[in-house]
Amino acid sequence: MKFLSDLFPVLLFFGCYWLTKDMFLATGIAIAATVVMVALSWIKHRKVETMQWISLALIVVMGGATLLLHDKHFIMWKPTVLYWLMGAGLVYGQLSGRFGMKSLMGGQLQLPETIWKKLNYAWAAFFAVLGAVNLFVAFRFSEAVWVNFKLFGGFGLMIAFVVAQSIYLSKYIEETP
């Protein structure tokens, strides 16, 4: 359910853009939807996760700059900034002795520390590459292609990475009779 609430502003952005072809209206809708999702999280749980705060800050700052300066490039940078912050957070955590991926997945998987370390760095590298690919698409292709990539390309690459990671990790998962 949380995944859908995180995806909701992106889906509204995408839908609004394809209905209107107006990047600025779509950006305004995404900002409003993100504010609503964070508010609902607070009302329902009396808590907002760190990533939700970061996403809110980025959409308000980058989306706000897009609207105030009437420059779509700010919103096109937003996914890259988010991906790079996530990757940097994983690297920083690891250098501080914490494995971010273990914190997220440790309840479901028991892995050797060396594998957690590799997994952490793999995700950090993936986010770095995904951020660079976003910029490549944003500045080398049309606005419409970037909007499609924002939803389908990023999501598709994420699914492919998760599948590849699952195949790699499968040798560490013990079968229970």
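Which helix is Gln52 found in? Gln52 sits in helix H3, which covers residues 50-69.

## Ground rules

This is a predicted model, in which local features need pLDDT of at least 70, side-chain atom pairs count only at pLDDT 80 or more, and totals for chains, interfaces and linings use all residues. Residues are numbered from 1 along each chain as its sequence is written, and side-chain values use heavy atoms, with hydrogens and water left out.

## The chain at a glance

The chain has 7 helices and 0 strands, so its pattern along the sequence reads α-α-α-α-α-α-α (helices are DSSP runs of H or I with at least four residues, strands are runs of E with at least two, and numbering starts from the N terminus). The C-alpha atoms fill a box of roughly 55 × 40 × 35 Å along the principal axes.

Of the 177 residues, 39% count as buried. Here buried means under 20% relative accessible area, exposed means over 50%, and partly exposed is in between (1.4 Å probe, protein chains only). Take contacts, meaning heavy atoms within 4.5 Å, between residues at least 6 apart in sequence: 63% of them join residues at least 24 apart. The chain exposes about 10,500 Å², with carbon and sulfur atoms supplying 71% of it; accessible areas come from the Shrake-Rupley method with a 1.4 Å probe, and for residues only the protein chains shown count as cover.

## Helix H3 and its residues

H3 has 20 residues and reaches 28 Å from its first C-alpha to its last, close to the 28 Å expected at 1.5 Å a residue (the expected span is 1.5 Å times one less than the number of residues). Right after H3 comes His70, with a positive phi near 50°.

Back to Gln52: its relative accessibility is 11%, so Gln52 counts as buried. Leaving out residues up to four places away in sequence, Gln52 touches Asp6, Val38 and Ser41. Other buried residues of H3 include Leu56, Ile59 and Met62. Leu68 also lies in H3, but at 76% relative accessibility Leu68 counts as exposed. The C-alpha atoms of Leu68 and Phe24 are separated by 9.8 Å, with their positions 44 residues apart along the chain.

## Helix H2: inside and outside

Thr27 is found in helix H2 and has a relative accessible area of 0%, which means it is buried. Not counting residues up to four places away in sequence, Thr27 touches Phe13, Gly63, Thr66, Leu67 and Ile75.

Leu25 lies in H2 too, but at 41% relative accessibility Leu25 counts as partly exposed. Along with Phe8, Leu12 and Ile29, Leu25 makes a nonpolar surface patch of about 300 Å². Helices H1 (2-20) and H2 (23-45) each supply at least two residues of that patch. Patch residues have over 30% relative accessible area and no salt bridge; like charges are joined within 9 Å, and nonpolar side chains (Val, Leu, Ile, Met, Phe, Trp, Tyr) within 5 Å. A salt bridge, in turn, is a side-chain nitrogen of Lys or Arg within 4 Å of a carboxyl oxygen of Asp or Glu.

## The nonpolar core

The largest nonpolar core holds 38 residues, and Met23, Trp116, Leu119, Trp123 and Trp146 touch the most other members. H6 gives the most to this core, with 10 residues. Such a core is a set of buried Ala, Val, Leu, Ile, Met, Phe, Trp, Tyr and Cys residues joined through side-chain atoms within 4.5 Å.

Neighbours within four places in sequence aside, the contacts of Trp146 include Phe13, Met23, Ile75 and Pro79.
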